[in-house]
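Me: I would like to learn how strand pairing and cysteine contacts are read from a set of coordinates. Could you take me through them, one feature after another?

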Amino acid sequence: MSNATSTLSVAEDRARRLQEAGQAWSERLAQDPANGQLTFSTTGEGIGSVASTIKAGKHSFQVDEPAPLAGDDIAASPVEYALGALASCQIVVYRLYAQQLGIQVDDISITANGDLDVHGLFGANDAVRPGFSDVQLEVQITGPEALERYEELQRVVDERCPVLDIFKNPVPVQATVTVTSAN
């Protein structure tokens, strides 16, 4: 199979799968708007110095910190996973809306960079937030469309990307701590 045929097959498969998913969701939502309410869940368990194993459905992955943050550096850090979640969600939503808007995207890659000041993490300066102070996304798209079409696509993606929304808007979080006696 030639590379052109292989690429075309991947593009055709992606287009088919995106169309089928879009149609299925349209039908589910038309049947009952409550079908649009989803709950995602993960479970984390501490391992090693400061690492954790995260389980998400049938998947699991490791999270750790580099040595300067007391970790063993066996996996990406929580903030790297957050940036990875943002980049991967953007890729999904770019592909979804490119298909929906009829904009050809041959290839896409996204680099997410986040600036974090550890003064906030370590409580050294209460005026500094412990999370990212700024995040930059570098989106590289390959395709034959005019720049204006890709700018249109970016506007739609920025309006619809769930993880970008999490980064841009406060999300209410409730935490409950349960303590079990070791004795």
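**Strands, turns and cysteines**

Reply: Let us begin with the turn between two strands, bearing in mind that this is a predicted model. S2 and S3 form a hairpin that leaves two residues between them, and in this turn Gly-57 has a positive phi of about 60°.

Me: In which sense do S2 and S3 run, and how many bridges join them?

Reply: In a regular strand the side chains alternate between the two faces of the sheet. Here S2 and strand S3, residues 59–63, run antiparallel and are joined by five bridges, with Ile-54 standing opposite Phe-61 in S3.

Me: Which strand pairs with S2 over five bridges in the antiparallel sense, counting from residues 43–47?

Reply: That is strand S1, whose partner S2 covers residues 51–56; within this pairing, Ile-47 stands opposite Ala-51 in S2. The hairpin of S1 and S2 has three residues between the strands, and Gly-48 takes a positive phi near 55° there.

Me: How many disulfides does the structure hold?

Reply: A disulfide is a covalent bond between the sulfur atoms of two cysteines. The structure holds zero disulfides. Cys-161 is in no disulfide, the nearest cysteine sulfur being that of Cys-89, 3.4 Å away.

Me: Why is there no bond between the sulfur of Cys-89 and the closest cysteine sulfur?

Reply: Because the sulfur of Cys-89 is 3.4 Å from that of Cys-161, the two are too far apart for a bond, the cut-off being within 2.5 Å.

Me: Is Cys-161 buried or exposed?

Reply: Cys-161 is buried, with a relative accessible area of 2%, and Cys-89 is buried with a relative accessible area of 14%.

Conventions:
Residues numbered from 1 in each chain as written. Predicted model: local features only at pLDDT ≥ 70, side-chain atom pairs only at ≥ 80, totals over all residues. Heavy atoms only, no water. Pairing = 2+ DSSP bridges. Helix = DSSP H or I, 4+ residues; strand = E, 2+ residues; numbered from the N terminus. Buried < 20%, exposed > 50% of the residue type's maximum accessible area, 1.4 Å probe, protein only.
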